[in-house]
Number of protein chains: 2
Amino acid sequence: MTITDRPVDNGVNVKALLDARDALSAAPEAAEFTWRASCTWRNGTHSHCTVAGFTGLGGEQQHRSTYEFDVDHPECFASEDNGATPVEYVLVGLVGCLTAGVAAVAQHRDIQLRSVTATIEGQMNVLGILGADRDVRNGFGQVTVRFAIDADAPRDDLLALIAQSQKRSAVYDIVTNPTRVLVELA
Amino acid sequence: MTITDRPVDNGVNVKALLDARDALSAAPEAAEFTWRASCTWRNGTHSHCTVAGFTGLGGEQQHRSTYEFDVDHPECFASEDNGATPVEYVLVGLVGCLTAGVAAVAQHRDIQLRSVTATIEGQMNVLGILGADRDVRNGFGQVTVRFAIDADAPRDDLLALIAQSQKRSAVYDIVTNPTRVLVELA
């Protein structure tokens, strides 16, 4: 990079993230976050979820808006398709997480992005969720994410970008590794 | 149940699901589904995702509408909070999946639901995603789902409902067990 180049700007404030890393390392209780959603059953397989606030940085935080989501099964499962399916929400979370990571890592590595698109696919044999075959798992057999990145960098640097994004991704970790889930009745 | 009772109706067509189980067991290639999402990076950590179609029952299926989602990080992470965070999408998928399961299992067991609400929380130490502590994972340390169910059934039957819902849930499986994720560059 020469002094006549425009500084790389992918819209990610890397300095703030590095400052946060230092600040939270020094005050680790502030690094404990709790992310939340609320869900109300509507009818059939349809439910309505809201995401409004979370806990972190030692206190209660609010999103700029309350985000609302309808979750349902599709018509081919004899449902009404009032929203995306639960597994599609997981795919949105995973591809959104990896894409944010690509932008953040690119900023940190002085790579100017022009465009990033991705498709994500999760294969599922529904004999699992239908309880028809004990040897078939309920979830995805495999997930594939395909990025297309237009950026001022050679292909090897872009491959390193997506590798580092996986390494720091919360949802990639959630999907690829087991997490303990407690389900309670009030 | 006496013949003067109103039939249980939670809005789930259990007969269609049992018929599908039989039909797909006899034609297992139709049970292979591929769920998809597309993602376009906007700026910073903000991306826009769409969910429109999926493959299953031996062909291409379309949702009734194209579902659109903005994914972003919150302002306290130096981002613009243009949408829910990636991990919140996972929580929405998990709680929506378990809630749909509660309704379906209740229908199958002749339990009339009056209301089902749930809250879901995912604990996360962000020193993991910030790369500040190698011993902290990126994802959730633990997830807790709390159901409140008003239904014509004793508490033990409701506990059995939520247990069976976990057993057949795609997203519960995805979160609690590892899934292989391939990330490719076009």
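These legends describe close-up views of a predicted model with chains A and B.

**View 1. Two copies related by a rotation.**
Chain A superposes on chain B after a rotation of 180°. The shift along the axis is 0.0 Å, and the RMSD is 0.0 Å. The two copies are thus related as by a two-fold rotation axis.

**View 2. The interface between chain A and chain B.**
Chain A brings 122 residues to the contact, and chain B brings 122 residues. About 10800 Å² is buried between the two chains. Carbon and sulfur atoms give 63% of that area. On the chain A side, the residues that lose the most area to chain B are Trp35(A), Trp41(A) and Leu185(A). Together they account for 8% of what that side buries. Of the interface residues of chain A, 100% are also interface residues in chain B, so the copies meet through the same surface.

**View 3. Helix α2 of chain A against helix α2 of chain B.**
Both helices span residues 86-108. They pack at an angle of about 170°, and their axes are 8 Å apart. An angle over 145 degrees counts as roughly antiparallel, so α2(A) is roughly antiparallel to α2(B). From α2(A), the contact is made by Pro86(A), Tyr89(A), Val92(A), Gly93(A), Gly96(A) and Cys97(A). From α2(B), it is made by Pro86(B), Tyr89(B), Val92(B), Gly93(B), Gly96(B) and Cys97(B). By class, eight residues in this contact are nonpolar, four are polar and none is charged.

**View 4. A six-stranded sheet built from both chains.**
The sheet is open, and its pairing is mixed. Its strand order is β3(B)-β2(B)-β1(B)-β4(A)-β5(A)-β6(B). At the edges stand β3 (59-71) and β6 (180-185) of chain B. Each has a single partner strand, so one side of each is left without a neighbour in the sheet. From one strand to the next, the twist averages 15°.

**View 5. The β4-β5 pair of chain A.**
Strand β4(A) covers residues 113-125, and strand β5(A) covers residues 142-151. The two pair in the antiparallel sense over 10 bridges. Thr117(A) stands opposite Ala148(A) in β5(A).

**View 6. Helix α2(A) on the sheet.**
α2(A) packs on the sheet and touches strands of both chains. From chain A these are β4 and β5. From chain B they are β1 (32-43), β2 (46-56), β3 and β6. The direction of α2(A) makes about 150° with that of β4(A).

Technical notes:
Residues are numbered from 1 along each chain as its sequence is written. Chains are lettered from A and ligands numbered from 1 in the order in which they are written. This is a predicted model: local features need pLDDT of at least 70, side-chain atom pairs count only at pLDDT 80 or more; totals for chains, interfaces and linings use all residues. Side-chain values use heavy atoms; hydrogens and water are left out. Copies are superposed by least squares on the C-alpha atoms of residues with pLDDT of at least 70 in both. Contact means heavy atoms within 4.5 Å. Axes are lines fitted to C-alpha atoms, for helices over the stretch in contact, and angles run from 0 to 180 degrees between N-to-C directions. Helices (H or I, at least four residues) and strands (E, at least two) are DSSP runs, numbered from the N terminus. Angles under 35 degrees count as roughly parallel, over 145 as roughly antiparallel, 65 to 115 as roughly perpendicular and the rest as oblique. Ala, Val, Leu, Ile, Met, Phe, Trp, Tyr, Cys and Pro count as nonpolar, Asp, Glu, Lys and Arg as charged, and the others, Gly among them, as polar. Two strands pair if DSSP finds at least two bridges between them. Buried area is the accessible area (1.4 Å probe) that two parts lose on being put together, summed over both.
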